[in-house]
Amino acid sequence: LGESVGVPAPPSKGASSSIAAAADAVVELAPPMLEFEVIPQDKRLDLHRRLECSEFDAPRNRLIASDGFGIFCINPEDGSWKRVTVTAYMHEISCINPDNGNVVFRYSSAFPSSIAEFFSVDVEMGLVFEVSLSAFHNWRWGFFPERLICLPGGEMLGMDDNDYIMTVDAAGDCKEFRHTSADLCAGVSNERGIFSTSGHSVVGWLHEGGHEVVLAGCKSEPGRRDGVGPHVRYGNLMHPQVNSRYLFVRDWDTDTWEWRFSRLDLGSLRVETMRISGLSHDGLQSFCASDHALFAVRVVWDAEAADYEVLLLRAWLDPFEEDLSVGAAVASVDLSAPVSSLTFLVAGGAALHIDRRLLAARSAHFRGLLCSGMREARSGEVDLTDDADADEASVSVVLRYILSGSWEGPSNISGLAFRVRALAHRWALPRLVDLAELRLHRLLGPSTVLSFLGRVVGTRSFLEEACWALMDARSAEIMQVNEPCLDTLIRENPSLAKRLLLWRGGA
């Protein structure tokens with residue numbers, strides 16, 4: 001998630017509209033599909049009012065929902081449920097305590113302020129007890145949280161209605177007190193941080209480092225465009241939901257009068273529109289996410305019972321993953337199969353080894369290679385000694401990404417990032433392409449933009465779009481900085497020279 005730090009500002013309105021339009025067209029060819037199906041239930045949910053999916057308790061595989069007066073625990077496998085507790089006043093669920101699974105809730109603002117706001121309920125026993133806020137109230141001038149997030153190890157994070165955040169440790173001492181520019185009280189959280197919307201952007205407060213970042217979109221500029229980070233455009237954003245990898249959110253386009261449902265990859269910051277079947281967009285007003293599925297509720301009128309029926313729906317996320325997650329890949333490995341490695345031979349005589357089983361589980365490209373009967377599969381070696389992009393550093397980054405799902409290697413060397421990007425393209429690892437481009441984006445500036453353009457011109461990629469945006473915004477400075485090397489750049493890259501001429505002419 002730290003990839004978002006240092007990402008340049010969004011492009012100007014005049015920045016390479018033809019490239020953006022082409023990118024949009026590519027994205028809309030085959031967006032991933034969410035197919036919602038009703039989970040059969042043996043008994044109907046007994047509601048006081050509309051049910052809302054509030055949180056998914058991943059460690060205990062249970063869905064926590066509320067109708068404002070009752071808190072429910074729902075089994076996501078078969079739809080069975082139980083009412084955990086009923087409150088005398090309307091409440092709002094604040095979080096799930098990661099240490100014990102208890103549900104922390106507060107009474108709405110209409111409840112008398114003389115009564116302690118936050119309570120915790122044991123889901124198994126139904127016991128309710130007050131959450132002590134003395135660590136917040138006794139700090140300096142007093143801090144009165146409107147939202148409480150429990151962190152592992154007994155730490156608590158409080159947010160007030162003035163957009164301040166305060167974190168206290170298990171001993172009750174203040175660790176952090178900061179102001180934010182976004183309203184995080186209505187946000188969603190996972191182990192990485194708290195996420196909310198601000199204007200036409202998605203923002204996050206990261207637990208590691210304690211800072212706020214804009215993850216995708218532009219706060220002041222609406223639109224409708226998939227892409228990466230600041231080049232994404234959202235309409236009017238609704239309440240998001242999050243799992244360990246993705247943030248899911250709906251937005252309303254006021255120009256087309258249409259809903260869009262999209263997912264934001266918290267690792268690469270790539271936003272992708274998703275199609276929905278089996279449920280209307282109105283039915284997605286209340287949903288939550290596990291790592292493997294989205295869950296939503298739909299209220300329908302049952303004429304035979306002369307009552308409203310609440311249906312629980314599920315849409316699996318797994319079918320459109322580009323590859324298995326690291327955990328799923330390890331779980332899929334046949335431990336009875338003999339250990340066998342695939343060796344990558346690179347320039348300089350280095351040899352890099354990786355377990356065939358993990359490689360096949362994590363990469364469709366290498367899975368096909370190893371099952372093809374080709375020379376590499378038979379010999380157990382991939383000879384890259386004549387490949388200019390494949391040196392020990394770049395291939396190591398790729399193989400470590402396959403093993404870990406993250407970028408493990410230097411982040412400030414543009415040559416390495418370009419070589420990794422080329423290998424990731426060739427070996428069908430789109431998320432690694434995004435990670436490489438994000439690193440290059442952070443290195444993008446007046447002194448590097450022309451050399452970067454020389455390597456990506458005509459690709460219609462996120463990085464090319466960012467280069468043209470910078471050219472539009474700082475053209476005079478860029479030409480002045482690069483004047484000594486312009487002749488060399490043009491001589492080595494005629495296609496760039498042609499594109500620069502068109503750009504200067506306004507094409």
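Author: Let's start with the labels: helices (H or I, at least four residues) and strands (E, at least two) are DSSP runs, numbered from the N terminus. By that reading, Pro240 sits in the loop between β20 (236-237) and β21 (241-242). Keep in mind that this is a predicted model.

Reader: Okay. How many helices and strands does the protein chain have?

Author: It has 14 helices and 30 strands. Buried residues account for 51% of the chain's 507 residues. The accessible surface is about 23,500 Å², and carbon and sulfur atoms hold 51% of that.

Reader: Back to that loop proline. Is Pro240 buried or exposed?

Author: The cut-off you need is that buried means under 20% relative accessible area. Pro240 has 2% relative accessibility, so it counts as buried.

Reader: And what is Pro240 in contact with, leaving aside neighbours within four places in sequence?

Author: Its contacts are Val188, Phe195, Ser196, Thr197, Leu247, Phe248 and Val249. For a distance along a longer stretch of chain, take Pro240 and Cys288: they are 48 residues apart in sequence, with 8.7 Å between their C-alpha atoms. On the scale of the chain, 51% of the contacts with a separation of 6 or more link residues 24 or more positions apart.

Reader: Now strands. How do I read the pairing of β5 and β6?

Author: The general idea is that strands of a sheet pair through backbone hydrogen bonds, either parallel or antiparallel. Here β5 (residues 70-74) and β6 (residues 81-86) run antiparallel, joined by five bridges. To see the register, find Cys73, which stands opposite Lys82 in β6. The two strands make a hairpin with six residues between them, and Gly79 in the turn has a positive phi of about 80°.

Reader: Since you bring up Cys73, how many disulfides are counted?

Author: The test is a pair of cysteine sulfur atoms within 2.5 Å, and the count comes to zero. As for cover, Cys73 is buried because its relative accessible area is 12%. Cys185 is buried too, with a relative accessible area of 18%.

Reader: What order do the strands take in the open sheet of four strands?

Author: The order is β2-β27-β26-β25, with antiparallel pairing. β2 (37-38) and β25 (287-289) are the edge strands, as each pairs on one side only. On the β25 side, three bridges connect β25 to β26 (residues 293-302) in the antiparallel sense, and Ala289 has Leu294 in β26 as its bridge partner.

Reader: Which residues other than glycine have a positive phi?

Author: Two cases to click on are Asp163, with phi near 65°, and Trp257, with phi of about 55°. Both lie in loops: Asp163 between β12 and β13 (164-168), Trp257 between β22 (246-253) and β23 (258-265). Asp163 counts as partly exposed at 22% relative accessibility, while Trp257 is exposed at 61%.

Reader: And in β12 itself, where is Gly158 found and what is it in contact with?

Author: Gly158 belongs to strand β12 (residues 156-159). It counts as buried because its relative accessibility is 0%. Setting aside neighbours within four places in sequence, its contacts are Phe136, Phe143, Pro145, Arg147, Leu148, Tyr164, Ile165 and Met166. The C-alpha atom of Gly158 is 8.0 Å from that of Phe144, 14 residues away along the chain.

Reader: Helices next. Which residues of α12 are buried?

Author: In α12 (residues 475-482) they are Ile478, Met479 and Asn482. Viewed down the axis of α12, the buried residues fall within an arc of 95°, so they line one face of the helix. Exposed Ala476 and Gln480 are on the face turned away from that buried side.

Reader: Last one: which residues have the most contacts inside the largest nonpolar core?

Author: In soluble globular proteins, nonpolar side chains tend to be buried together. The largest core here has 54 residues, and those with the most contacts inside it are Phe344, Val395, Ile402, Leu432, Leu450 and Met471. Try Phe344 as a starting point: beyond its neighbours within four places in sequence, its contacts include Ala350, Leu359, Phe366, Val382, Val395 and Trp427. Apart from this core lies another, of 25 residues, including Leu133, Cys150, Val168 and Leu184.

How values were computed
Residues numbered from 1 in each chain as written. Predicted model: local features only at pLDDT ≥ 70, side-chain atom pairs only at ≥ 80, totals over all residues. Heavy atoms only, no water. Pairing = 2+ DSSP bridges. Buried < 20%, exposed > 50% of the residue type's maximum accessible area, 1.4 Å probe, protein only. Arc of directions from axis to C-beta. Core = buried A, V, L, I, M, F, W, Y, C linked by side-chain atoms within 4.5 Å. Contact = heavy atoms within 4.5 Å. Areas by Shrake-Rupley, 256 points an atom, 1.4 Å probe, with all protein chains shown as cover.
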